[in-house]
Amino acid sequence: MLVRLFTLGRPVAASALAEALPTLGVDGAVALGLVRLGAARAGFAHDRPATSDREAVATCDLRPYGDDAHDWWVASDLSELAVGGPLRPDHVLGIGGASTTLASWTVRRPVDRALDLGTGCGVQALHLTGHAGAIVATDISERALAYAAFNVALAASARSGDVPPFELLAGDLLDPVAGQRFSLVVSNPPFVITPRDEDLPLYEYRDGGRAGDTLVRSLVRQVGTVLEPGGVAQFLGNWEVPAGRTWRDVWGDWLEEQASDGVALDAWVVQRESQDPAEYAELWARDGGAQPGSEAHSRMYAAWLRDFASRDVVRVGFGVVTLQRPATDRPVWRSLDEAHGPVAAPMGPAVDAGLRARTWLAEHSDDDVLDVAWSCASDVTEERHGRPGAEDPSVILVRQGGGLGRVVRAGTLLAAYLGVAEGELTARAALDAIATVLGLDPDQVRAEAVPALRDLVADGLLV
Ligand SMILES: C[S@@+](CC[C@H](N)C(=O)[O-])C[C@H]1O[C@@H](n2cnc3c(N)ncnc32)[C@H](O)[C@@H]1O
């Protein structure tokens, strides 16, 4: 009954609602603004045949949500399924795939101060309550801030008030927190690339009012100004790839621009998927409630294609961005990776380990790498493929069970090293022994192995 009311947006009999909410009651739900009562209606086929019952209608979507340690209720605007048509431009989004992706990838270290930029209904801020000493959540939408305030208040009441100090600020991107510093910034920003076309609905939840991918680019450029040394920023984004360039070229430019503006940041960008303009237009013209085949959908689809063509865009990447402000004046590191398959869930622990490993690698020489007794991580397995009857495999694949789910093709040398990487011998000693057995020059073996070791250490296949 509550699902029917708050998820599907269908009216229910007030008497049935009273039974489903024995503590709050119908009057309590009305007082909280979750429900309004309509006229008396005859008969509710799915609830009870109360002929003179009043109709209760949800004013919002309300659903249970949680993480390993918490159970929450989260209110947001009713979805397009419940509304049964196009959404209002200031629609406040509920918890969707992008929200849970960011929540999964977020590094959950205990931090002093955290920022949730573009908080919407406050879902990321709720997750932050578990590991941040104080939280600031911002949004350009006053309606979104009101929902976030409500949801955090609900969480606080359910947990007897042990929610950390929490501040809500209105404004564009980092404007409301200029001059402040955070150890963690998370954002599921309105990254959808939307044509600046007067005929199109501009949804606040997905469109930050800028052309192309400039909103995400601005975030990359500016976020360092609010990060503590050692602080981390994580957000989702789309990026345009023009003809003749790769997504790594695009990110190279963005990071150059970022570094030239102030303190250079470490950058780990994982591209999770990429679409051509037609696929992207199809996806986003449908979002918001326009049906494929309708005049509105065709108009939007054409506008998206025109917009991409005007900038010569041939692909649009989507992924998760993790930026870190170095705690010392060492050179920054960059990892621009692709992972299109399944990854660990939650992914945060692997990102945390990846940040630490990359930072360690940036601070240590190749000799230091060789002097560690690495172990092959427990989630790593090896596959050997060969012709039937062949003595030696023609392909050896090293597969990571967790993390980014990496699959690395290993040559004889690397496969031999991984076979003995059990945390007892330093890499130097192990590689020298392998060189002797294979009759190879030890210097050459080490020179060949070190880049592969660095790669496997960065992604947690060697620990
Ligand atoms: C995709 S929703 C994300 C909501 C929520 N954080 C989540 O993870 O589901 C993006 C949010 O950014 C807000 N927003 C849009 N433009 C913004 C801007 N220029 N500055 C700050 N927030 C903005 C929208 O109002 C919306 O609430």
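Leaving aside neighbours within four places in sequence, which residues is Ala20 in contact with? Keep that question in mind while we look around; we will come back to Ala20 shortly. One thing to know before you start clicking: this is a predicted model.

**Stop 1: the whole chain**

Show the whole chain as a cartoon. You can find 16 helices and 16 strands in it. Turn the view slowly: the C-alpha trace spans about 90 × 60 × 50 Å along its principal axes.

Now switch on the surface. The chain exposes about 20,700 Å², and carbon and sulfur atoms supply 53% of that area. Of the 463 residues, 49% count as buried.

Next, try colouring by charge. There are 40 positive and 64 negative charges, and the mean positions of the two sets are 4 Å apart.

Contacts tell you something about how the chain is put together. Take those between residues at least 6 apart in sequence: 69% of them join residues at least 24 apart.

**Stop 2: residues 2-37**

Select residues 2-37. An unreviewed UniProt entry annotates this span as "domain: DUF7059". Within the span, 53% is helix and 14% is strand. Pick the C-alpha atoms at its two ends, and your viewer should show them 15 Å apart.

**Stop 3: Ala20**

Stay in this part of the chain and select Ala20, which belongs to helix α2 (residues 14-20). Is Ala20 buried or partly exposed? Its relative accessibility is 32%, so Ala20 counts as partly exposed.

Here is the reply to the opening question: with neighbours within four places set aside, Ala20 is in contact with Met1 and Leu2. Show those two residues as sticks together with Ala20.

For a longer view, add Val192 to your selection. Ala20 and Val192 are 172 residues apart in sequence, and their C-alpha atoms are 39 Å apart in space.

**Stop 4: Glu240**

Move on to strand β10 (residues 227-242) and pick out Glu240. Why does Glu240 count as buried? Its relative accessibility is 7%, and the cut-off for buried is under 20%, so Glu240 falls in that class.

Which residues are in contact with Glu240, beyond its neighbours within four places in sequence? Show Ile193, Gly212, Asp213, Val250, Phe308, Arg311, Val313 and Arg315 as sticks to see them.

From that list, zoom in on Arg311. The side chains of Glu240 and Arg311 are joined by a polar contact of 2.6 Å. Draw a distance line between the two side chains to finish the tour.

Conventions. Residues are numbered from 1 along each chain as its sequence is written. This is a predicted model: local features need pLDDT of at least 70, side-chain atom pairs count only at pLDDT 80 or more; totals for chains, interfaces and linings use all residues. Side-chain values use heavy atoms; hydrogens and water are left out. Helices (H or I, at least four residues) and strands (E, at least two) are DSSP runs, numbered from the N terminus. Buried means under 20% relative accessible area, exposed over 50%, partly exposed in between (1.4 Å probe, protein chains only). Contact means heavy atoms within 4.5 Å. Accessible areas come from the Shrake-Rupley method with a 1.4 Å probe; for residues, only the protein chains shown count as cover. Lys and Arg count as positive and Asp and Glu as negative; His and the chain ends are not counted. The place of a charge is taken as NZ of Lys, CZ of Arg, CG of Asp or CD of Glu. UniProt positions are given in the numbering used here, feature names are shortened, and annotations may be inferred rather than shown by experiment. A polar contact is a pair of N or O atoms within 3.5 Å; within protein, one must be able to donate a hydrogen and the other to accept it, and residues adjacent in sequence count only if both atoms are side-chain atoms.
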